[in-house]
Amino acid sequence: MWRAIICILIAAAAAEHVREFSVRENARAGTFVGHLGDELPDAAPPYTIVPVLGSAVNDDLKIDAHTGEIRTRVPLDRENRDHYALVAIPASGDNIRVVVRVSDENDNSPTFPTSVMNVEFSENTPRDVKRKLNPAKDQDLGVFNTQRYNIVSGNTDNAFKLSSHRERDGVLYLDLQINGFLDRETTDHYELVIEALDGGTPPLRGTMTVNITILDVNDNPPVFAESAYSAMIPENATVGTTVLKVFAIDSDEGENGVIEYSINRRQSDRDNMFKINPDTGEIIVNKLLDFETKELHELVVVARDKGAQPLETTAFVSIRVTDVNDNQPTIDVIFLSDDATPKISESAQLDEFVARISVHDPDSKTEYANVNVTLNGGDGHFDLRTHDNIIYLVVVALPLDRESQSAYTLNVVATDKGSPPLHASRIITLLVTDINDNPPTFLESEYKANVPEAAAPGTPVLQVSAFDADEGENSEIRYSILPSPQSDWFSIDERSGLVTTRVRVDCETNPMPKLTVVASDRGNPPLSSTATLLVTVLDVNDNEPIFDQSFYNVTVPENEAVGSCILKNVEPYGVTTDY
C-alpha cells in the first residue's frame with residue numbers, strides 16, 4: 001500500500017501545496033488547529049491523510065478526512081514535539097504538505113542539573129577569581145529560556161557575586177566570582193541559594209544550593225592565652241614535677257592549627273633545667289633545682305604550628321624557686337698566727353686572738369643571718385666573742401702551758417633557724433707552740449764515779465743525762481764542764497754527756513776531783529742547770545817507798561821488852577808499806 005502511495009506522491013509532485021498551521025502547546029484536547037482546504041479551492045475533500053513517518057500525527061492530532069478539519073487529540077507539549085508533518089491528498093489529486101507547529105508557552109522553569117553543588121575556595125583567593133557553576137537550562141524558547149541568575153540567600157557580607165554569559169548553544173552559563181575578602185577564621189562555610197529566572201511574565205524560577213567551603217591557609221600564628229606566665233616551685237621539687245601549663249590556640253585548622261611547644265634554648269634555659277611537653281605545653285622540672293645557685297629562671301616558650309610554612313609566637317615564663325632549708329651553714333675559719341696555721345703560743349695573754357670565724361647560711365639571702373654559733377672543747381682555755389653576731393673571734397680565756405697540754409680540740413658549731421634546724425661543725429686542732437720556759441733538768445743532782453789513775457786518756461768516766469720539757473731547739477741540750485782544779489783532766493761530749501779522761505789522772509795530786517757539769521738548752525735566751533760529779537781516783541803502785549830521812553839514831557833501854565816499838569814511820573793516807 002505504502003508503495004502505491006509513494007508512487008502517487010511522486011506522480012503528483014508537480015502539483016504540491018504547502019500548508020503550515022500553529023497551535024499553542026498545552027491547548028486542551030479538541031482545540032481547532034485549521035482546515036486543510038482553506039486557501040486551496042482546488043483541494044476539496046475528501047482527503048487521504050498520510051502522516052510522515054514518526055511524526056505521531058495519529059496519536060496527538062485528529063484529522064477529519066471528509067472535512068479537512070484538524071484538531072488536537074491531546075494537549076500538546078512543544079518540548080516533547082515541536083511540530084507534526086503529514087501529506088494530505090485531496091480528491092483533485094494534488095499534494096498538500098502539512099506542517100503543524102506547536103508554539104511555545106512558558107511552561108518550564110529553568111532547571112539546574114543538580115539541586116546541590118559543592119565548591120571550594122582557599123581563604124587567600126584574590127578578588128574576582130571565578131568558579132564555574134552548573135548552568136540552569138530551560139526547555140522553553142527565546143525569552144522563556146533562562147535569562148538571569150540571582151543569589152537569593154547566604155551571601156554573608158556580599159562575599160560573592162554572579163556573572164553569566166550565553167554561548168552558541170543558547171545556554172546561559174554561570175560563574176561564581178569572589179567579591180570580597182575570604183577569611184576562613186571568620187566564616188568557613190557559605191550556603192548560597194542561587195535562582196535562575198526565565199523571561200516569562202511572571203518569570204519561572206529554578207534554584208540550586210551552592211555549598212562553599214573555605215579552605216584554610218596558614219595565615220594565623222598561634223596565640224598564647226597569656227603573654228607572660230609565672231610560677232613558684234620549691235627547690236626540693238623532684239625531677240618530673242609539673243611547674244605550670246602554657247596554652248596557645250591557632251584559629252587555623254588541620255595541620256595549620258596543630259601547635260607544638262618548645263623552649264627557645266638560645267635565649268633561655270641553656271642548662272636544660274626544664275623541659276616542655278610539645279603537645280600539652282606542660283613545663284616540667286628536668287634537673288634538680290637549687291635556690292642558692294639560681295633563684296629565678298626565665299624561659300622563652302615557643303608555640304609553633306605545623307603548617308607547610310609554620311608560624312610561631314613566643315611567651316615568657318618566669319619560674320621562681322623558693323627556698324627550702326636544705327643547706328647547712330658554712331663555716332670559714334681564719335687563723336691569726338703568723339703563718340695562718342692553727343696554733344697559739346703558750347705565752348699568749350688572756351683575750352689574745354686565736355682565730356676569726358665567719359658563718360654563712362646559703363639558704364639565707366642575708367649573709368650571716370639566722371645562724372647561731374657556739375664553741376665547744378678547750379677545757380675553758382678558749383672563748384668565743386662577738387659584738388655584732390657577724391664576726392666571731394676565738395680568744396684565750398685561761399693561761400696556756402704547752403708542757404701541760406700541747407694541743408686542744410675545738411668544735412665550732414653553727415646552727416641555722418630553719419625548721420628543722422640544720423647544723424654544721426668545724427673541728428679545729430689547735431697546737432700550743434713552745435717558748436723556752438723550762439731549763440734542762442739533770443736526772444741526778446750529784447754523780448759519783450771511779451777512775452784508776454793509770455787510765456789512759458779517753459777512758460770513759462760517767463755519762464750524765466738531763467732532759468728539757470720544752471720542744472725544738474728549746475729542748476736541745478748541750479753539756480759542758482765548768483773550769484775548776486783538775487777539771488782539765490776531763491772532757492765531756494756536748495751532745496751525749498759522756499765524761500772521759502783528757503789526760504792521765506794522778507791520785508797523789510787529787511784523789512777526788514769535784515766537777516761541775518752544765519746542761520744548757522738552745523733557746524733564745526738559753527736556760528741551763530748544773531750537777532756535781534765526784535770522781536774518785538783509784539791509786540796504783542806507781543811510787544817506791546821513800547824514807548823521810550836517810551839515817552835514824554834510836555836509843556833502846558836494855559830492859560826494853562821484846563816487841564816494843566822503838567821507831568815509827570808515818571805513811572801517807574792510804575799507803576801501806578811492807579818492811
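Okay, let's start with a word I'll need later: a pocket here is an open set of grid points, where a 1.4 Å probe fits, with protein on both sides within 12 Å along at least five of seven lines, and its lining residues have an atom within 4 Å of a point. The general idea is that rolling a probe the size of a water molecule over the atoms shows where empty space is left. One thing to keep in mind throughout: this is a predicted model.

So, with that word in hand, the second largest pocket. Its volume is about 190 Å³. There are 13 residues in the lining, and the ones nearest the centre are D269, D271, M273, K294 and H297. If you sort that lining by class, you get 6 charged, 5 nonpolar and 2 polar residues.

Let's step back to the overall layout. What does the UniProt record say about domains? The unreviewed entry carries the annotation "domain: Cadherin" for residues 15-112, 113-224, 225-331, 344-442 and 443-547. I'll pick two of those spans. Residues 113-224 have their end C-alpha atoms 48 Å apart, with 50% strand and 0% helix. For residues 225-331, the end C-alpha atoms also lie 48 Å apart, and that span is 45% strand and 0% helix.

Now the strands themselves, beginning with 113-224. There's an open sheet of 3 strands here, antiparallel, in the order β9-β12-β11. Why does one side of β9 and of β11 have no neighbour in the sheet? Well, β9, residues 130-133, and β11, residues 160-166, are the edge strands, and each has a single partner, so one side of each is left open in the sheet. From one strand to the next, the twist averages 30°. If you want to find the β9 pairing on screen, look for strand β12, residues 172-178: the two run antiparallel and share 4 bridges. One pair to click on is K130 with its bridge partner Q177 in β12.

Just ahead of β9 there's a residue I'd like you to look at. D128 sits in the loop between β8, residues 116-122, and β9. Most residues other than glycine have a negative phi, and most peptide bonds are trans. D128 has a positive phi of about 75°, and it is not a glycine. Is D128 buried or partly exposed? Its relative accessibility is 39%, so it counts as partly exposed.

Staying in this part of the chain, go along to the loop between β13, residues 189-198, and β14, residues 205-215, where you'll find P202. The peptide bond from T201 to P202 is cis, with omega near -5°.

On to 225-331. Strand β16, residues 228-234, has a nice alternating pattern: Y229, A231 and I233 point to one face and are buried, whereas A228, S230, M232 and P234 point to the other face and are not. What does β16 pair with? Strand β23, residues 312-322, running parallel and joined by 7 bridges. A228, for instance, has F316 in β23 as its bridge partner.

There's another open sheet to see here, with 3 strands in the order β17-β21-β20 and antiparallel pairing. The edges are β17, residues 242-245, and β20, residues 274-276; each has a single partner strand, so one side of each is without a neighbour in the sheet. On average, neighbouring strands in this sheet are turned by 20° against each other, direction ignored. β17 and strand β21, residues 282-285, are antiparallel and paired over 3 bridges, and T242 stands opposite I284 in β21.

Last stop, further along the chain. Q486 is in the loop between β36, residues 477-481, and β37, residues 490-492. Q486 is another residue other than glycine with a positive phi, near 65°. Q486 has a relative accessible area of 18%, so it is buried, given that the cut-off is under 20%. D468, in the loop between β35, residues 466-467, and β36, is buried as well, with a relative accessible area of 10%. How far apart are D468 and F551 in space? They are 64 Å apart, C-alpha to C-alpha, with their positions 83 residues apart in sequence terms.

And one more cis bond before I stop: N524 and P525 are joined by a cis peptide bond, with omega about 0°. P525 lies in the loop between β39, residues 514-521, and β40, residues 528-538.

Methods
Residues numbered from 1 in each chain as written. Predicted model: local features only at pLDDT ≥ 70, side-chain atom pairs only at ≥ 80, totals over all residues. Heavy atoms only, no water. UniProt positions renumbered as here; feature names shortened; annotations may be inferred. Pairing = 2+ DSSP bridges. Axes fitted to C-alpha atoms, helices over the stretch in contact; angles between N-to-C directions. 1 Å grid on protein atoms, 1.4 Å probe; cavity = no way out; pocket = protein on both sides within 12 Å on 5 of 7 lines; lining within 4 Å. Points joined across faces, edges and corners; volume = space filled by probe spheres on them. Nonpolar A, V, L, I, M, F, W, Y, C, P; charged D, E, K, R; others polar. Buried < 20%, exposed > 50% of the residue type's maximum accessible area, 1.4 Å probe, protein only.
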